[in-house]
Amino acid sequence: MTDGFALEPIQAAANQFAIEGRLVSVQPLQRGHIHDTFVSTWSQHDGPRRYLHQRMNDKVFHDIPAVMHNIEMVSRHLRRKMAGADTLDGFRVMDLVPTREQRSYLVCDSGQWRTYSFIEGTTSQDHCKDPQQAFEAARAFGWFQAQLADLDATSLRETLPRFFSTPHRLQQFEDALAEDPRNRATGCVDEIRFAQTRHEMAFVIDDLLKRGEIPQRTVHGDTKLNNVLFCNTTDQARCIVDLDTCMPGYALYDFGDLVRFTAATSDEDEQDLDKVGTDQTLYRALVDGYLTGTGGTLSKREIELMPFAARLVTYTIGLRFLADHLAGDTYFKVHRDGHNLDRARVQFRMVERMEQEAEAMAVVAEGQ
Ligand code: GN1
Ligand code: MG
């Protein structure tokens, strides 16, 4: 057993992928709230090599073929632009390792698995160390989105319907509250009230999209800092990972999620709410990095909405955590009692802090 996982099924799955050499070891990687992730080391003719394996969560992603289809479409699009080179503007693309039967993922008794080559010489970070790193992360996600502007959006499947829609998240929260299957509502009256008093905010972006005032774009959809791989020697962003939620959405979702996570002064599940807030220096670095990365592709309206998006996405993720707490923790992995409620509290406190700092967070767009 390793961290609660039986080793044998993981090794058996890893051995089904077209990897040369002998499997030496496999270890769990604590990453994300959805999939189970492991790193394996193989002894190959030219030395050891590492791979990353993920058992995909099919309770969250009901249509794994569609998820894999999207990842392949996006990777192929980027690779076409690379025209045989190893990198594009200094960025690499994750290599999916096929199964021994030449499929992009494996279906076996222990679940549905995919494998990537590990990009050596890089690391991912859970905490932002300085403004330069924030700038780099934002530049990378902005670059990524700009590269997807000429990808035919109809080629992507909507793997999680209305994933980015705050009105939809509000409805899911209201449904969980109405059902209250674990009788948890009485234990989170303040959080429920917080969610409900801000419900008007939920409709702003969807209305702008409907009226065509901001464009729909293909977005990454999960722009946590730890979804960027940084070069160990130069500290530059080298690769964007976790393409699970690459779908049509709105650009500002990616920016908002970046602020929520990367500029946070605390962990996402911090229990001491006095520590929660948004670091304004990191926030400015994220604005600059994102504007640099998107390279002039954002409209004036989008740029002006950047601080609002930070608040909205933080509120939206808070709604999702609270809804899952009420529903009995069926979506996000939890590691302690009340974990989702703690996460929701952090998001809501962060929204409150951003409301207080709205003026300082304003972004002025130049020109049209
Ligand atoms: C989930 O598991 P991870 O970290 O890749 C979630 C995101 C949330 C995030 C909150 C498919 O992402 O949408 O923003 O947790 N992914 C899915 O930490 O729901
Ligand atoms: Mg993710």
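Exposed means over 50% relative accessible area, buried means under 20%, and partly exposed lies in between. Keep those cut-offs in mind for the close-up views below, which come from a predicted model.

**Figure 1. A salt bridge sits within helix α5.** D190 and R193 form the pair, and their closest N and O atoms are 3.7 Å apart. Both residues lie in helix α5, which runs over residues 189–197. They are three residues apart, about one turn of the helix. Is D190 buried or exposed? D190 has a relative accessible area of 53%, so this residue is exposed. R193 reaches 48% and therefore counts as partly exposed.

**Figure 2. E302 and R217 pair across distant parts of the chain.** Their side chains meet in a salt bridge of 2.6 Å, N to O. E302 belongs to helix α9, residues 300–304. R217 belongs to strand β7. In sequence, 85 residues separate the two. E302 has a relative accessible area of 1%, so E302 is buried.

**Figure 3. D36 meets R55 in a salt bridge.** The distance is 3.1 Å, N to O. The pair links distant parts of the chain, 19 residues apart. R55 lies in strand β3 (residues 47–56), and D36 lies in strand β2 (residues 36–44). Why does R55 count as buried? Its relative accessibility is 16%, and buried means under 20%. D36 is at 15%, so D36 counts as buried too.

**Figure 4. D36 also meets K333.** The side chains of K333 and D36 form a salt bridge, 3.0 Å from N to O. D36 falls within domain 1 (7–120), while K333 falls within domain 2 (131–366). Across the interface of these two domains there are three salt bridges. Side chains of opposite charge can pair when their charged atoms come close.

**Figure 5. Domain 1 and domain 2 share an interface.** Their C-alpha centres lie 26 Å apart. How many residues does the contact take from domain 1 and from domain 2? Domain 1 gives 30 residues and domain 2 gives 34 residues. The buried area between the domains is about 2900 Å². Carbon and sulfur atoms give 60% of that area. Polar contacts join 15 residue pairs across the interface. On the domain 1 side, helix α2 (residues 64–82) supplies the largest share, twelve residues. That side of domain 1 divides into 15 nonpolar, nine polar and six charged residues.

**Figure 6. T223 is buried in a loop.** The loop runs between β7 (217–219) and β8 (228–231). T223 has a relative accessible area of 0%, so T223 is buried. Which residues does T223 touch, not counting residues up to four places away in sequence? They are F141, D254, D257 and L258. A polar atom of the T223 side chain lies 2.8 Å from the backbone oxygen of D254. The backbone nitrogen of L258 lies 3.1 Å from a polar atom of the T223 side chain.

**Figure 7. Five residues are linked in a network of salt bridges.** The members are E191, D269, R336, D342 and R345. In total, the structure holds 24 salt bridges.

Definitions and conventions. Residues numbered from 1 in each chain as written. Chains lettered and ligands numbered in written order. Predicted model: local features only at pLDDT ≥ 70, side-chain atom pairs only at ≥ 80, totals over all residues. Heavy atoms only, no water. Domains from an automatic or database assignment. Contact = heavy atoms within 4.5 Å. Buried area = accessible area lost by both parts, 1.4 Å probe. Salt bridge = Lys/Arg side-chain N within 4 Å of Asp/Glu carboxyl O. Polar contact = N/O pair within 3.5 Å; in protein donor to acceptor, adjacent residues only side chain to side chain. Helix = DSSP H or I, 4+ residues; strand = E, 2+ residues; numbered from the N terminus. Nonpolar A, V, L, I, M, F, W, Y, C, P; charged D, E, K, R; others polar. Buried < 20%, exposed > 50% of the residue type's maximum accessible area, 1.4 Å probe, protein only.
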